[in-house]
Amino acid sequence: MINFLDLKKINQRYSLELKEACARVIDSGWYIGGQELSSFEQEFANYCGTKFCVGVANGLDALTLTLRAWKEMGKLSEGDEVIVPANTYIASILAISENRLIPVLVEPDPKTYNISAESVEKIITPRTKVILAVHLYGQLADMPVLCNIAKKHDLLILEDSAQSHGASIDGRKSGNWGHASGFSFYPGKNLGALGDAGAVTTNDEELASVIRALGNYGSYKKYENQYRGVNSRLDEIQAAMLRVKLNYIDSEIFERRKLANLYIQEVNNNLIHLPNITLQEQHFWHLFVIQTKNRDSLKEHLQTNGVQTLIHYPIPAHKQNAYKEFVAHSYPITEAIHERVLSVPLSIETSEADAETIIKCLNNFKAAD
Ligand SMILES: *Cc1c(COP(=O)(O)O)cnc(C)c1O
């Protein structure tokens, strides 16, 4: 069986260094808010090219706490609208509704799966305050255009960079385009911890310090609470794991690109649409997502031939019980995407031989009629 993702193998690559880092933390006697976290924050900010990075407990908190901080700073208030792509992973939308802001779903560009700048401009109202730009599957959204729109309408941009660590446009990385950016280091993400972790990057010093306080019970100073905060922290063990893996992120991008290019060059089947990319540097290949009208039978065909695939994502947010208010809305592009997408294995542990097997299966797939 070719697994979709073999986390054990991926982390075994770095096993010696990870164990050393773990021992370093155990022996330090300091487990929350210490040297590993501040070093990782500095190193990750440097990597993204931003001035600040604040570690938090996970990617959802990174987004939620950023919006919350803007509320505390007087930049947002309850009922303000946040534009977000309808086909995103639900976490992006949960961060909005958790803050009692209104998610305004827009259709993505069907070619890139990312928020379409055209549809954004059409739905801006006087209550619109934020564009939540999700870089889905590892490809950056059209940030130059979105930043211009935001400037013109005086909007904030929050990037959801949970899938796009390291991707860039004109040398400017994911996390350094918006007013702030949320990252997830969930184990399966391209920069993955060995547990939950997340971070916000920004060039806004005040925002960074409000987020840090919010994640620490709303406190800047021990036992003095400025806000009704939460507990959302990136612990020393996870920071130490991430510091090891950050050193390899660029070589991993190189490996992922090689595989993605192999698929793009060799998959040749009219029934299958390959991902459409404008520029390689824009794409980190978190997921290699193909589309076909015969998705379920293709999935079964691959399974029968020993290839595990996943669907990102089977049910869009507006069809979930959690968001019944959207039930009457129709987002045909988003719905078509959810019916047709299939993610095939692409990880640093997917060998070239595995890729050739997968390519062969994709090429010999015929629609059952
Ligand atoms: C994974 C993910 C998140 C949430 O990250 P967690 O660390 O799991 O909370 C948010 N947005 C997107 C697009 C994601 O893929």
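**Why the labels fit: a guided look**

Guide: In this predicted model, helix α4 passes helix α8 in a right-handed crossing.

Visitor: What makes α4 roughly perpendicular to α8?

Guide: The axes of α4, which spans residues 59–72, and of α8 cross at roughly 110° and come within 9 Å. Angles from 65 to 115 degrees count as roughly perpendicular, and the crossing of roughly 110° lies in that range, so α4 is called roughly perpendicular to α8.

Visitor: Which residues in α4 and α8 meet?

Guide: From α4 the residues are L65, T66, R68, A69, W70 and E72, and from α8 they meet L207, V210, I211 and L214.

Visitor: How do you know that the buried residues of α12 line one face of the helix?

Guide: Helix α12 covers residues 332–340, and its buried residues are T334, E335, I337 and H338. Seen down the axis of α12, these residues fall within an arc of 160°, so they line one face of the helix. In general, an α-helix has 3.6 residues a turn, so residues three or four places apart point the same way.

Visitor: What do the buried residues of α12 pack against?

Guide: They pack against α11, residues 295–304, and against β13, residues 341–344.

Visitor: Why is T309 counted as buried?

Guide: T309, in the loop between α11 and α12, has a relative accessibility of 2%, and because buried means under 20%, T309 falls on the buried side of that cut-off. Leaving aside its neighbours within four places in sequence, T309 is in contact with F4, K299, L302, L342, S343 and V344.

Visitor: Which residues does the cis peptide bond join, and what is its omega?

Guide: The cis peptide bond joins H312 and Y313, with omega at about 10°, and Y313, like T309, has its place in the loop between α11 and α12.

Visitor: Why are Y217 and Y223 described in different words, one as partly exposed and the other as exposed?

Guide: Y217 has a relative accessible area of 40%, whereas that of Y223 is 74%. Exposed means over 50% and buried means under 20%, with partly exposed in between, so Y217 is partly exposed and Y223 is exposed. Y217 lies in the loop between α8 and β10, while Y223 is in the loop between β10 and β11. Neither residue is a glycine, yet phi is positive in both, near 65° for Y217 and about 70° for Y223.

Visitor: How do you know that C48 is in no disulfide?

Guide: The structure holds zero disulfides. For C48, the nearest cysteine sulfur is that of C53, 7.1 Å away, and because a disulfide needs the two sulfur atoms within 2.5 Å, C48 does not qualify.

Visitor: Are C48 and C361 buried or exposed?

Guide: C48 has a relative accessible area of 3% and C361 has 5%, so each is under 20% and is called buried.

Visitor: What makes N176 count as buried, and which residues does N176 touch?

Guide: N176, in the loop between β7 and β8, has a relative accessibility of 14%, which is under 20%, so N176 counts as buried. Not counting residues up to four places away in sequence, N176 touches C48, G49, T50, E159 and N203.

Key: Residues numbered from 1 in each chain as written. Predicted model: local features only at pLDDT ≥ 70, side-chain atom pairs only at ≥ 80, totals over all residues. Heavy atoms only, no water. Buried < 20%, exposed > 50% of the residue type's maximum accessible area, 1.4 Å probe, protein only. Helix = DSSP H or I, 4+ residues; strand = E, 2+ residues; numbered from the N terminus. Arc of directions from axis to C-beta. Contact = heavy atoms within 4.5 Å. Axes fitted to C-alpha atoms, helices over the stretch in contact; angles between N-to-C directions. Parallel < 35°, antiparallel > 145°, perpendicular 65-115°, else oblique. Left-handed = near helix turned anticlockwise from the far one by under 90°.
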